Amino acid sequence: MIALLIRDLRLAMRAGGGFGLGLAFFLLVAVLVPLGVGPEGSTLAKIAPGILWVGALLACLLSLDRIFALDFEDGSLDLLATAPMPLEGVVAVKAFAHWLVTGLPLTLVAPVLGLLLNLPGAGYGWLVASLALGTPALSVIGAFGAALTVGLKRGGLLLSLLVLPLYVPTLIFGAEVVKRGAEGQAVSTPLLLLAGITAGAAALLPFASAAAIRVNLR
Amino acid sequence: MELRVTNLACARGGLTVLEGVSFTLRPGHALVLRGPNGIGKTTALRTLCGLQPALAGEVSVPPESMAYAAHADGLKATLTVTENLAFWAAVYGTDLVEDALQRMNLDALRDRMAANLSAGQKRRLGLARLLVTGRPIWVLDEPTVSLDAASVALFAGVIRAHLAAGGMALIATHIDLGLDEAEILDLGPFKARSPRDGGPASAFDEAFT
């Protein structure tokens, strides 16, 4: 299991691995929005939570199709499926590796981008907290979508269409945490719901993903 | 432990291609599967490895005893030869990487990226993975594709050593590997019958007549 995690991280860091792609995309979104909306501080502060969450979500989406498609193409997915580890574990580890490579860096740079978007001072902590709690769900749900589309040529677009609706609850509650946090209101309800979605997705979806992969490998 | 397959039926793309496949493989022996393209050699091997469910029949040995080598080698282009092998060794919990590198004549290439290997060298690396699995039954699907004569002989030697150590090998190949221990099983007679001849309703596909 750990060997698989290390391999996936190493592959992501090497040439063409895609590490930093999501991060650069997130950065660009956060820079482009003020250019489009205008530099007015109060407007930006109002839309900052939503923009940051949508940006993080789309950045996560960018690298989803790589989770299983590359392993499928070069035959390693067949070999992993016959290896002495449960396919559910393989899925969970690969989703975790995806989070380490995309979700975690996004969470860490988000405060800097919050500054660009004039996020009110009280919101920074909640921005990091909500992303840290919510982005694992994005990776796990995304891995499920990737598992469903793994055998398809050009499955990337279909993957986006499948996964984006499933991201809606995470987006709503994640952005709500930041918005309420920035306005100084109580955040515990959306924060708990966000954590609940992540916990539920992480507990259930690896099984569904493994089942989808088994069907796709036939 | 022997591998006993009884009345195995398997399907590709929802159509039955083989039925009634039965054979027994004893330790130290190899079985070469023969048959024209499309007869279902790969399908049979994937079914035995547990990658797809069998429609009918019994296999006496669980897929956990088998090491599968498919058409694709499962190599990562941006990892070195050693890293590729070390990953599989870690997955299977063995420390046979050095041994495998030596025996598949990959020692000189150990630090090279898999992307920079020739097709034959990649194949040798893909086959070296079998050595680090430590599993007794090797299931090989066209293992000699893109290997030169010397490499085929090298790999035949590796199989022979595996058999001598009590292992088994199930090989789908069109090339004669020169294995005296190998029996040959022609899959032709096991081709699924069309519904007209009493086969299951889903069995018929004009491609296989």
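This report walks through the fold of chain B, some ring contacts and a nonpolar surface patch in a predicted model.

## Chain B at a glance

Let's start with the overall build of chain B. Its secondary structure consists of five helices and eight strands. If you follow the sequence from start to end, these elements come in the order β-β-β-α-β-β-α-α-α-β-α-β-β.

How does the size of chain B fit with a compact globule? For 209 residues, the radius of gyration of such a globule would be near 17 Å, and the 18 Å of chain B agrees with that. The C-alpha trace of chain B spans about 60 × 35 × 30 Å along its principal axes. As for the interior, 53% of the 209 residues in chain B are buried.

## A stacked pair in helix H6 of chain A

Across all chains, the whole structure holds two aromatic pairs. In one of them, the ring centres of A:Phe96 and A:Trp99 are 6.2 Å apart and the ring planes meet at 20°, so this pair counts as stacked. The cut-off behind that label is a plane angle under 30 degrees.

Where do the two partners sit along the chain? Both belong to helix H6 of chain A, which covers residues 87-116, and they are three residues apart there, which means about one helical turn lies between them. Their surroundings are worth a look too: A:Phe96 is partly exposed, with 40% relative accessible area, whereas A:Trp99 is buried at 15% relative accessibility.

## Arginines over aromatic rings

Two arginines can be found with their charged ends over rings of chain B. One contact joins the two chains: the charged end of A:Arg7 sits over the ring of B:Phe87, at 4.6 Å from the ring centre.

The other contact stays inside chain B. Here B:Arg129 places its charged end over the ring of B:Trp88, 5.5 Å from the centre of that ring.

## A nonpolar patch on chain A

Which residues make the nonpolar surface patch of about 580 Å²? The patch is formed by A:Leu27, A:Leu28, A:Val31, A:Leu32, A:Leu35 and A:Leu116. Helix H2 of chain A, residues 21-37, gives the most to this patch, contributing five residues.

For a closer view, pick A:Leu28, which lies in helix H2 of chain A. Is A:Leu28 buried or exposed? Its relative accessibility is 51%, so A:Leu28 counts as exposed; the cut-off for that label is over 50%.

Conventions:
Residues are numbered from 1 along each chain as its sequence is written. Chains are lettered from A and ligands numbered from 1 in the order in which they are written. This is a predicted model: local features need pLDDT of at least 70, side-chain atom pairs count only at pLDDT 80 or more; totals for chains, interfaces and linings use all residues. Side-chain values use heavy atoms; hydrogens and water are left out. Rings of Phe, Tyr and Trp (its six-membered ring) pair if their centres lie within 6.5 Å; planes under 30 degrees apart count as stacked, over 60 as edge-to-face and the rest as tilted. Helices (H or I, at least four residues) and strands (E, at least two) are DSSP runs, numbered from the N terminus. Buried means under 20% relative accessible area, exposed over 50%, partly exposed in between (1.4 Å probe, protein chains only). A charge sits over a ring if NZ of Lys or CZ of Arg is within 6 Å of the ring centre and within 35 degrees of the ring normal. Patches are made of residues with over 30% relative accessible area and no salt bridge: like charges are joined within 9 Å, nonpolar side chains (Val, Leu, Ile, Met, Phe, Trp, Tyr) within 5 Å. Accessible areas come from the Shrake-Rupley method with a 1.4 Å probe; for residues, only the protein chains shown count as cover. A salt bridge is a side-chain nitrogen of Lys or Arg within 4 Å of a carboxyl oxygen of Asp or Glu. The radius of gyration is taken over C-alpha atoms; the globule rule is 2.2 Å times the number of residues to the power 0.38.
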